[in-house]
Structures are given as C-alpha cells and as structure tokens.
Amino acid sequence: IPKGWKVKTISELADCVGGATPSTKNPEFWEGGHHMWTSPKDLSDSKSIHLLKTDRKITEAGLKKISSGLLPIGTVLLSSRAPVGYLALTTEPTAINQGYIALKPKSGISNYFLLHWCESNLDEIKNRASGTTFAEISKAAFRPIPGIEPSDLVMQKFHEFMAPIYERLLVSSKEMETLAELRDTLLPKLIS
C-alpha cells in the first residue's frame, strides 16, 4: 500500500449500526409521523444513489424504539438482506429498519470514500453473508472486513473532488422526481 496509508477494518473507519421496525400495529409509532424511516424496499426501484423519499414516516415515539435513532445526512446505507448490496446516501436525517447496515463515517473519513469502498468490496460483503431463506450479512460479519485508509491529505482531496459531483447528482435526481410527479399529475388530465 502507498506510504502513509493504513490497513484497518471497516469498523475502524465507520460506526456500523443497524435499525429496527417498531410495531406496525401501534399507531402511536406511525400515524402523523414526520421522520423518514426506510427499509431496503425503498431502494429497490430507486434510480438515484441518494435516498430522496421513503414509503413510511415514523413518529417521535416510534423513533425511541430504534437504538440507532435518526442517522445524519450523508450516512451510507447498505442493505444487509433481501438482497444484500443496495446502496444509498441519506439526504435527510433518517431512521432505518433491520434490513440495513448504516455506515456513519468516523472523523476524517469521507462518506463518499465509504460508499465507493462498499461498491468495490460488494463481492466480499456478499461472500460473508449467510442464511437459508435469504442471504444476510450481520454487523458482526461485516465489521471485520479489511479496508485501506488513505493519508489524511488524500482523503481530504478525494472528498473535495467527489462532493460537487454528488451534489450535482442530488440536484438532478430531485429535478427528475419533480418532473415525474408533474407528468403523473398532468397525464391523466390530458388523456381525459
């Protein structure tokens, strides 16, 4: 590896946390909810690397049932089952269900670096998954996967280079969402 770079586990580069699903039978956790709450289903039809919206919203009471709480903007989400390998970046504070491993970058680590690390190591991640009904990678199996941490300067330059690219992707994705909503609103009126 290059001089000044270090071999570390992914858990040394990011806090790797999971989520939960509060009882869907308890309306106190869901009705009138305003916090984004996601399951991997939200990523299955997504054409964006950014998580722009979720099917469900959760209340404050529901949020208290999830140990990881609201994850900050820019958290890397990796679906850990059914299937393993969907990836997204949060665009708002978001709560997650148990179908994810969320990577919150440690100090000095770029979330874009973690995202690309996940993409590059997807085969290794899938190889560590197990299960009879469907493949799942546990946090215990995920955390020791080795990674390489670049020098501080390289990490900083990488983040500075990637940030405007992902910002443009986010703006474009939001524009596509707006246009799709407009189309879905106008098309039925035009046909009738």
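Two strands count as paired if DSSP finds at least two bridges between them; strands here are DSSP E runs of at least two residues, helices are H or I runs of at least four, and both are numbered from the N terminus. Keep that handy for the first stop.

Before you click: this is a predicted model, where local features need pLDDT of at least 70, side-chain atom pairs count only at pLDDT 80 or more, and totals for chains, interfaces and linings use all residues. Residues are numbered from 1 along each chain as its sequence is written, and side-chain values use heavy atoms, with hydrogens and water left out.

**Stop 1: a small selection of strands**

Select residues 35-38, which make up strand 3, and add strand 8; the two pair in the parallel sense over three bridges. Met-36 sits opposite Thr-94 of strand 8. Now bring in strand 5, and you have an open sheet of three strands, ordered 5-3-8, with mixed pairing. Strand 5 (56-58) and strand 8 (94-96) are the edges, each with a single partner strand, so one side of each has no neighbour in the sheet. From one strand to the next, the twist averages 45 degrees, taking axes as lines fitted to C-alpha atoms (for helices, over the stretch in contact) and angles from 0 to 180 degrees between N-to-C directions.

**Stop 2: aromatic rings**

Stay around the sheet and show Arg-56, which lies over the face of Trp-30, 4.1 Å from the ring centre. The rule here wants CZ of Arg or NZ of Lys within 6 Å of the ring centre and within 35 degrees of the ring normal.

How many aromatic pairs does a search of the whole structure find? Four. Rings of Phe, Tyr and Trp (its six-membered ring) pair if their centres lie within 6.5 Å; planes under 30 degrees apart are stacked, over 60 edge-to-face, and the rest tilted. One of the pairs is Trp-30 with Trp-37, edge-to-face at 4.9 Å centre to centre with 80 degrees between the planes. Both Trp-30 and Trp-37 are buried (under 20% relative accessible area; exposed is over 50%, partly exposed in between, with a 1.4 Å probe and protein chains only).

Next, pick Tyr-112 and Tyr-166: a stacked pair, 4.8 Å centre to centre, 15 degrees between the planes. Tyr-112 belongs to helix 4 (residues 111-120) and Tyr-166 to helix 7 (residues 152-191), so the pair ties together parts 54 residues apart in sequence. Tyr-112 and Tyr-166 are buried too.

**Stop 3: the nonpolar core**

Here a core is a set of buried Ala, Val, Leu, Ile, Met, Phe, Trp, Tyr and Cys residues joined through side-chain atoms within 4.5 Å. The largest one has 28 residues, and those touching the most other members include Ile-10, Leu-114 and Phe-142. Among the elements giving it two or more residues are helix 1 (10-13), strand 7 (84-90) and helix 5 (122-127). Helix 4 supplies the largest share, six residues.

**Stop 4: two cysteines**

Label Cys-16 and Cys-118. The sulfur of Cys-16 has its closest cysteine sulfur in Cys-118, 8.3 Å away, too far for a bond. With a disulfide taken as a pair of cysteine sulfur atoms within 2.5 Å, the count is zero. Cys-16 is buried at 4% relative accessible area, and Cys-118 at 0%.

**Stop 5: an unusual loop**

Finish at the loop between strand 6 and strand 7, where you'll find Ala-82 and Pro-83. A cis peptide bond joins them, with omega about -5 degrees. Ala-82 also has a positive phi of about 45 degrees, although it is not a glycine. For context, most residues other than glycine have a negative phi, and most peptide bonds are trans.
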